[in-house]
Amino acid sequence: MIHQYQDKQPVIHETAFIAKDATIIGDVEINQSSSVWFKTIIRGDVAPTRIGERVNIQDLSMLHQSPGMPLVIEDDVTVGHQVTLHSAIVREKALIGMGSIILDGAEIGTGAFIGAGSLVPPGKKIPPNTLALGRPAKVIRNLTEEDLAEMDRIRKSYVEKGKYYKAHTTL
């Protein structure tokens, strides 16, 4: 369901896949070849949410903001199932693991991997190309070439799945 909030209407690129039971409200921009999966909620009723190209926001995720603090997700990001993103910046090619929570002012570096179930507290900066996990999340190591290749595989598979669902789903 796509909803206007006050004078703000979501802007969704024609190539993006939006599941029919996802909810997108207000000042939200979703760019080319991105996908928003089943039962995800993106509320742009407090500040803007900007989602780049080839981003996948997986099932049951929740995206929101605090006043004056936009949520920015750069290109080629994977957001796993049941993730909460709130007024954070997620740099390109990052992966946010299932069930993680990323809070106000946090910044996830380019190519960083946040392990499943992690909590990135307000204002925390996760460096590029590192693995961070825990509650609160701590950097535990640099990513390997194998890690980066797997993140790339996941990202590309969701672009392809999004294209398939967009072409074949009538739900």
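## Sheet architecture

In this predicted model, eight strands form an open sheet of mixed pairing, in the order E3-E5-E7-E10-E13-E16-E19-E20. Strand E3 (17–18) and strand E20 (137–142) lie at the edges with a single partner strand each, so one side of each has no neighbour in the sheet. Strands pair here if DSSP finds at least two bridges between them; strands (E, at least two residues) and helices (H or I, at least four) are DSSP runs numbered from the N terminus.

Within the sheet, strand E13 (residues 95–96) runs parallel to strand E16 (residues 113–114), and two bridges join them. Ile96 stands opposite Ile114 in E16. The protein chain contains one helix and 20 strands.

## Overall dimensions

The protein chain has a radius of gyration of 15 Å, which agrees with the value near 16 Å for a compact globule of 171 residues. This radius is taken over C-alpha atoms, and the globule rule is 2.2 Å times the number of residues to the power 0.38. Along the principal axes, the C-alpha atoms fill a box of roughly 40 × 35 × 20 Å.

## Burial and contacts

Of the 171 residues in the protein chain, 46% are buried, that is, under 20% relative accessible area with a 1.4 Å probe, protein chains only. Among contacts (heavy atoms within 4.5 Å) between residues at least 6 apart in sequence, 11% join residues at least 24 apart.

## Basis of the values

Residues are numbered from 1 along each chain as its sequence is written. Local features need pLDDT of at least 70, side-chain atom pairs count only at pLDDT 80 or more, and totals for chains, interfaces and linings use all residues, while side-chain values use heavy atoms, leaving out hydrogens and water.

Methods
Buried means under 20% relative accessible area, exposed over 50%, partly exposed in between (1.4 Å probe, protein chains only).
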